[in-house]
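Please work through the exercises below with the sequence and the structure at hand, trying each task before reading its solution.

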Amino acid sequence: MNLESRLLDGKPAGYCSSSEGEEDDFKVVNDEDEHQANVMRRMGPSSSTGAKGVLNEFKAFQEQTKLAYESRNQKLIEQARKGMMVGTKEEREKVQRNDEEDEDFEMTLEGLKAKRLREMRKIAANRVIEMTDKNQYSDAVSGSSAYLLCVLIYEPDSDECEYLTRILKILAADYPKTKFVRATSTLLGMSLAFKTSGVPCLQFYLNENLIGNFVKVSSILGNDYDCKKLLQLLRSNHIDLLSGGYATDSEIESDDD
C-alpha cells in the first residue's frame, strides 16, 4: 500500500488530531514505514490537519518535486546543446563546429532553393526561339550583323539536347545582347551520322560568320556541366555573351587576372 492509499484508507499516520487536545501542528511519529516517515520529514510542518490536509500537502510536494526535476532536465538539455557538458576542449570545439556546419548546411539549402527558383523563372520565360523552317534559320544568320547568334542543333527526345536547351534558356534570360535559337538536325538537313554523334551542337555567328562550332557539347564538357562551365568554354574561345560579340586575347587575359 502506497502513501496516498494509507492517507485515504488507512489509519491516520503522522498527525495528531486537534480534537484530542494536542497541538495542531503536524508531527512525525514512529511508523513501520521508514520511507513514509522520511517523506513526511521532507514535507516539513503542515498548515492543515486531518487526512485531507496532509494529502493536499503531499500532492503539493509531489508537484514541486516534479517541477524541479523537469527544470533540471531542461537545463541539462540546453547545456548539452551548447556543448557545455562535453568533457574535453577538443570535444567542445567539435560540438561547436558541428553546430556551425548545420547552420551552413541550412544556409546552403536555402541558397540552392533560391537559385533553383530563379532558374525556373528564367526557363519559363523561354527566350530560345524555335526555328520551324530553313528560311527562319537563314534570316537569323543574316541578321547576326546586329547581334551575336547562338544556334542549338538538336534531336527531339534526346536527354542531352533537352539538358542543353535548359541551360540556354537560363543564359538567354541573363544575356539579352545574344540571340538564342534552336533547330532540329532534320530541319537543317544533317546526315544520320551527325544526328547520332554530333548533337547537341552549338554554333555561334557574328556578322554572318561562323565564329564558334562545338559538336557534341557533352563530349567536351561531360554530362554534369552547368551554365558556368559552358560560359568558361565559350569565353576561352573568344565568345562573349555579355557584350554579344567577340572577346579579344587581352580581354580574356584580364578576366584570368
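## Exercise 1: The chain as a whole

In this predicted model, buried residues make up 34% of the 257 residues in the protein chain.

**Task.** Describe the secondary structure of the protein chain, its accessible surface, and the share of its contacts made by residues 24 or more positions apart.

**Solution.** Begin with the secondary structure, where the chain has ten helices and seven strands. Next take the accessible surface, which comes to about 16700 Å², with 49% of this area belonging to carbon and sulfur atoms. Finally turn to the contacts with a separation of 6 or more, of which 61% are between residues 24 or more positions apart.

## Exercise 2: The largest nonpolar core

**Task.** Find which residues of the largest nonpolar core touch the most other members, and which elements each supply at least two residues of this core.

**Solution.** The largest nonpolar core has 43 residues, and those that touch the most other members are Leu164, Leu168, Leu171, Leu202, Phe204, Leu230 and Leu241. Going through the elements, one finds that α5 (134-142), β2 (148-154), α6 (159-174), β3 (178-184), β4, α8 and α9 (227-236) each supply at least two residues. As a general background, nonpolar side chains in soluble globular proteins tend to be buried together. To see one core member in detail, take leucine 164 and set aside its neighbours within four places in sequence: the contacts are then Leu152, Pro200, Leu202, Val217, Tyr225 and Leu230.

## Exercise 3: Backbone geometry

**Task.** Locate the cis peptide bond at proline 200, and state where glutamate 208 and lysine 216, each with a positive phi, lie in the chain.

**Solution.** It helps to recall that most residues other than glycine have a negative phi, and that most peptide bonds are trans. The cis bond joins valine 199 and proline 200, with omega about 0°, and proline 200 belongs to the loop between α7 (192-197) and β4 (201-206). Glutamate 208, which is not a glycine, has a phi of about 70°; this residue is in the loop between β4 and β5 (209-214). Because its relative accessibility is 47%, glutamate 208 counts as partly exposed. Lysine 216, also not a glycine, has a phi of about 50°, and its loop runs between β5 and α8 (217-221).

## Exercise 4: Cysteines

**Task.** Determine how many disulfides the structure holds, and whether cysteine 150 is buried or exposed.

**Solution.** The structure holds zero disulfides. For cysteine 150, the nearest cysteine sulfur is that of cysteine 201, 9.9 Å away, whereas a disulfide would need the two sulfur atoms within 2.5 Å. Since its relative accessibility is 0%, cysteine 150 counts as buried, and cysteine 227, at 14%, counts as buried too.

## Exercise 5: Aromatic rings

**Task.** Identify the aromatic pairs of the structure and explain why the pair of phenylalanine 204 and phenylalanine 214 is classed as it is.

**Solution.** There are two aromatic pairs. One is formed by tyrosine 163 and tyrosine 225, whose arrangement is edge-to-face, with 5.2 Å from centre to centre and 85° between the planes. This pair links distant parts of the chain, as tyrosine 163 is in helix α6 and tyrosine 225 is in the loop between α8 and α9, 62 residues apart. Tyrosine 163 is partly exposed at 29% relative accessibility, whereas tyrosine 225 is buried at 2%. For phenylalanine 204 and phenylalanine 214, the centres are 6.2 Å apart and the planes are at 80°, so this pair is edge-to-face, given that planes over 60 degrees apart count as such. Here phenylalanine 204 is in strand β4 and phenylalanine 214 in strand β5, ten residues apart, and both are buried.

A charged side chain also meets a ring: arginine 182 lies over the face of tyrosine 154, at 3.9 Å from the ring centre.

## Exercise 6: Two buried loop residues

**Task.** For leucine 187 and valine 128, give the loop in which each is found and the contacts each makes beyond four places in sequence.

**Solution.** Leucine 187 is in the loop between β3 and α7, and with a relative accessible area of 19% this leucine is buried. The C-alpha atoms of leucine 187 and aspartate 133 are separated by 6.6 Å, although these residues are 54 residues apart along the chain. The contacts of leucine 187, leaving aside neighbours within four places, are Met131, Thr132, Asp133 and Lys134. Valine 128 is in the loop between α4 (89-125) and β1 (129-130), and counts as buried at 11% relative accessibility. With the residues up to four places away not counted, valine 128 touches Leu168, Lys169, Ala172, Phe180, Val181 and Arg182.

Conventions: Residues numbered from 1 in each chain as written. Heavy atoms only, no water. Buried < 20%, exposed > 50% of the residue type's maximum accessible area, 1.4 Å probe, protein only. Contact = heavy atoms within 4.5 Å. Areas by Shrake-Rupley, 256 points an atom, 1.4 Å probe, with all protein chains shown as cover. Core = buried A, V, L, I, M, F, W, Y, C linked by side-chain atoms within 4.5 Å. Phe/Tyr/Trp six-rings, centres within 6.5 Å; stacked < 30°, edge-to-face > 60°. Lys NZ or Arg CZ within 6 Å of the ring centre and 35° of its normal.
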